[in-house]
Structures are given as structure tokens and as C-alpha cells.
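Hello,

Here is the structure I promised to pass on, with the sequence alongside. My notes on what turned up follow below.

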Amino acid sequence: MMDLLIPDKTHDESRQGEALMLKAETAKNNGRKLYIESYGCAMNFSDSEIVASILAESGFETTSDYSIADVIFINTCSIRENAEQRVRNRLREFTVAKVKNPGLVVGVLGCMAERLKSKFLEEEKLVDVVVGPDAYRDLPNLIDQVDSGQKAVNVLLSREETYADISPVRLNSNGINAFVSIMRGCDNMCSFCVVPFTRGRERSRDPQSIVAECQDLFDKGYREVTLLGQNVDSYKWKSKVEGSEPEAINSVSEAETNFANLLEMVGLINPNLRVRFSTSHPKDITDEVLYAINKYDNICNYIHLPVQSGNSRILDLMNRTYDREWYINRIDAIRRIIPDCAISTDVITGFCSETDEEHKETVSMMDYVKYDFAYMFKYSERPGTLAAKRYADDIPEEVKQKRLTEIVAKQQEYSFYRMQARIGRVERVLIEGFSKKSDKDYCGRSDQNAMVIFPVGEGYKPGEYVNVLIERSTTATLIGKVVE
């Protein structure tokens with residue numbers, strides 16, 4: 001049985017419920033301890049760093065033991081039903097800590113908080129604070145409210161908040177890879193998705209603040225940044241520019257920075273700073289972005305391009321705003337402009353009214369693209385979404401499961417195919433640390449985002465680049481040795 005391990009998974013199961021820690025600042029310490037754990041996507045883990053930074057300024061220090069905490073926060077996800085159930089189960093586990101310490105503040109942050117709002121306070125009697133993704137600056141005030149005996153809620157969504165001026169603490173970091181949020185919210189109304197309702201309208205960060213954050217990370221020793229957004233390709237920033245021509249004195253125009261421009265700006269910080277990004281949208285990814293990737297060696301040859309379905313009718317029901325032919329056009333463009341680019345995707349099986357023939361079109365899309373990785377799920381109706389309001393969730397569970405099993409098997413085949421094609425090649429690898437299975441091996445990722453395992457040796461260490469000759473592979477891992 002081949003192993004199917006998916007790099008950079010949108011819902012990284014190895015990190016779900018991770019407790020975050022940072023070094024205490026004794027000068028600001030107020031004697032109170034914060035325990036914060038995160039569920040869901042990379043954006044949530046990035047947001048937890050912002051929360052910790054805000055509360056550190058108020059004197060909190062973090063702990064990895066919730067039983068000694070004064071404040072417990074769970075940063076939540078609403079994408080999948082089982083993620084919400086895990087959070088509810090986790091809240092029940094905190095009941096014992098609340099009994100032992102009646103002054104304990106328990107809060108729910110993030111997308112689940114935004115979606116369920118005050119319903120949380122009614123259903124989960126343990127919960128004192130409910131805070132949406134745009135209201136983290138208000139956390140010190142909300143905690144004060146709870147201390148005075150009140151419940152506290154702030155789930156107001158913002159059209160402006162980007163937390164651009166907050167330098168996130170890097171929690172549980174290896175000091176090598178970091179997430180950098182470039183935008184918040186989403187204007188795409190995909191019918192299956194709750195994000196537009198939980199994270200609000202799309203707004204981009206000032207590019208100069210992004211470049212400054214990435215430069216600071218590089219100066220501190222980080223060697224890879226991942227630019228985060230629900231749809232990075234729609235990144236857009238307009239800045240005022242004073243006229244430089246004599247006749248234009250005192251005139252002001254607007255200069256626009258798009259995602260291709262931003263990629264180039266970050267790529268130019270230093271050739272040794274790798275740049276990745278997530279996630280792209282097929283309707284917005286442009287040739288200009290692809291040429292930017294091709295132009296700079298340190299902008300990684302890896303694109304996550306969710307297809308969701310290979311059938312145009314289902315894509316229309318999903319409100320994806322592209323069809324099968326458009327998606328194939330974008331795939332062809334990637335192959336033409338960046339021949340060595342790895343491509344991953346998201347697939348949903350069993351969406352409302354999907355027929356067997358329409359499912360087969362998704363399978364045929366996988367045959368056409370031969371994805372390097374795929375994140376595959378059965379359709380799970382989320383309350384409040386357009387699909388939940390408009391369409392019946394009418395595909396039997398056993399049919400959903402059968403279709404999911406088929407595409408997982410198909411993806412195993414192509415993941416192995418893509419990995420085998422790298423055998424005999426030399427990959428430039430950024431060493432991240434020891435492999436999970438042995439301290440005699442290092443692990444790191446290739447340009448194409450594949451995990452690479454190779455023996456520990458003298459002369460190289462985590463945070464450095466090495467050239468690795470690939471000798472063999474599994475479905476998801478390349479194995480080799482360092483060469484000059």
C-alpha cells in the first residue's frame with residue numbers, strides 16, 4: 001500500500017489543536033497565562049500569531065498547559081463539519097479546568113465564532129468570549145468585560161482590517177518557514193463555502209508592509225515565506241503617486257499593485273528567500289503571474305489551483321465562475337510558461353445533484369492534469385451557504401464515499417507517477433529539520449513542494465539549501481543523498 005501524505009494540506013491534520021507558545025517578555029508580564037490552540041487552515045494559524053502578539057502587548061504570556069491558563073482561546077474553522085464537532089468536544093474537555101478555576105476565561109475565535117455568534121454563548125455555557133476574525137484588536141477590552149462579570153461578543157466584520165501594522169509573533173516556528181498574510185476576506189461566493197460570511201469582504205494589505213515583514217523575516221534567519229490569501233490572484237492595492245513631469249506638478253494619480261507585481265517585489269528581497277503562495281483561483285490567475293514565477297528562481301514552481309469538479313454544470317452550481325474549458329486553458333498556460341511546475345488541487349465529490357457521468361468528468365480532469373497532490377473531500381453541507389439554501393444535498397452517503405475512494409485511488413496513482421519522474425534528478429532542498437522517522441535523516445521541501453529525505457551530514461544544517469540527488473520515492477516523498 002503506497003502512502004498518501006499530502007504536503008501543505010489546507011487542513012493540516014498534524015497541526016489540528018496545536019497549542020502555541022512564545023517566549024515571555026518579563027517587562028510586560030501581567031502574571032496571566034494564555035493558552036491558544038488552532039484548527040483549520042494556514043490562515044487560522046497565522047491569525048493565532050496575531051492574537052498572541054496583541055495579548056503579549058497587554059502582558060500575557062503563553063502556556064502549553066491549559067490547566068494552568070487564565071485565558072483559553074480556540075481558533076476555529078467552519079469549512080468542514082467534523083472540524084466544528086472537534087471544537088465542541090474540546091470545549092467540553094475544558095470544563096474541568098473551569099471548575100477548578102472559576103475565573104478562567106474561555107473564548108472561541110475565528111470562523112466558527114463568526115458563523116454561530118451569540119448562539120455559542122447559549123449552547124456552550126462554558127464560553128465567555130466569542131470573537132470574529134476582524135475583531136482581534138478588541139480582545140484586551142473583551143477580556144476586561146468578562147473579568148467584570150459579563151459575557152463578551154464582537155463578530156463585526158470589517159472592510160478595512162488587515163492587521164498590517166501588527167508584527168505577528170512566530171509561534172512554534174522552526175525559524176525557517178513563515179506565513180505572511182497579504183489579504184483578508186473573500187469576494188467569491190462559491191455556493192459550498194462559508195468563508196465570505198465568516199471572514200468578510202476581500203481587502204488587501206499595503207505591499208510595502210508585506211515586503212517589510214518579509215525582509216524582517218529574512219533578516220531574522222527565515223528562508224521561506226508563504227503569502228496567504230483566500231484568493232491571492234485577486235490581490236490589488238492602489239496607492240497615490242504624485243506627478244513627476246513638470247506639467248504634472250501637484251497632480252496625483254493612482255498606481256496599482258497586482259499579485260504579479262507583489263510576487264516580484266517579495267522575490268527581489270533576496271535570492272535565498274524562497275517565496276510560495278496559497279491559494280490561487282482559476283478565474284483570476286493570469287499569465288503575468290506565471291511569467292513572474294518563471295522569471296525568478298526563488299519563486300517556487302508550485303501552484304495550488306483548486307478545480308473542485310471537472311464538470312461545467314456542477315461548477316456553475318458551485319458558482320465557481322469558470323467552466324471545464326477555462327480551467328484546462330489555465331493548466332495549459334502553466335505547462336507552457338512553467339514547464340517544471342507542480343500543480344495540486346482541491347476536489348469535492350458528491351456535490352448536489354452530481355451524476356455518475358459528471359463525476360467521471362472529474363476523473364477525466366485528473367487524467368488530463370495528472371496532479372502532483374490533491375486534497376479530496378466528500379461534499380458536506382454547511383449551514384448558511386448558498387448551496388444549503390438553494391440545493392438539496394441529495395447524493396447518498398455511500399455514493400459520495402464510493403466516488404471519493406475512486407478519486408483518492410486515482411490521485412495515489414498520479415502522485416506516485418510525478419514522484420517517480422523526479423528520480424535521477426538533482427533537487428534544491430531547503431533543510432527544515434530532522435525527518436519524522438529518524439534523527440539520522442534531514443527533511444526539507446523541493447522547489448515543487450515535494451518532501452525530500454536525505455542523510456544528515458557535516459557541512460549543512462537546517463535553514464540551509466542543499467542539492468539532493470533523488471534515488472527513489474514513495475507516493476509523497478523523495479529519498480536521496482546530498483551532492484555537490
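Let me start with helix H12, residues 324-337 (helices are DSSP runs of H or I with at least four residues, strands are E runs of at least two, both numbered from the N terminus). Its 14 residues should span 20 Å at 1.5 Å a residue, and the end C-alpha atoms are 20 Å apart, so the two values agree; the expected span is 1.5 Å times one less than the number of residues.

Before the rest, a word on the basis. This is a predicted model, in which local features need pLDDT of at least 70 and side-chain atom pairs count only at pLDDT 80 or more, while totals for chains, interfaces and linings use all residues. Residues are numbered from 1 along each chain as its sequence is written, and side-chain values use heavy atoms, with hydrogens and water left out.

Back to H12: its buried residues include Tyr 327, Ile 328, Ile 331 and Ile 334. Buried means under 20% relative accessible area, exposed over 50% and partly exposed in between, with a 1.4 Å probe and protein chains only. These buried residues of H12 pack against helices H10, H11 and H13 and strands S15 and S16.

The largest nonpolar core (buried Ala, Val, Leu, Ile, Met, Phe, Trp, Tyr and Cys residues joined through side-chain atoms within 4.5 Å) has 66 residues, and Leu 227, Phe 259, Val 266 and Ile 303 touch the most other members. H12 supplies the largest share of this core, six residues. Apart from it lies another core of 20 residues, among them Val 51 and Phe 60. Beyond four places in sequence, the contacts of Ile 303 (heavy atoms within 4.5 Å) include Phe 277, Leu 290, Ile 334 and Ile 343.

Now the charged pairs. The structure holds 28 salt bridges, each a side-chain nitrogen of Lys or Arg within 4 Å of a carboxyl oxygen of Asp or Glu. One of them joins Arg 32 and Asp 147 at 2.9 Å, N to O. Arg 32 sits in the loop between strands S1 and S2 and Asp 147 in helix H6, 115 residues apart. Asp 147 counts as partly exposed because its relative accessibility is 41%.

Glu 213 and Arg 205 also form a salt bridge, and both are buried. Arg 403 meets Asp 356 at 2.8 Å, N to O; Arg 403 lies in helix H15 and Asp 356 in H13, so this pair ties together parts 47 residues apart in sequence.

Best wishes
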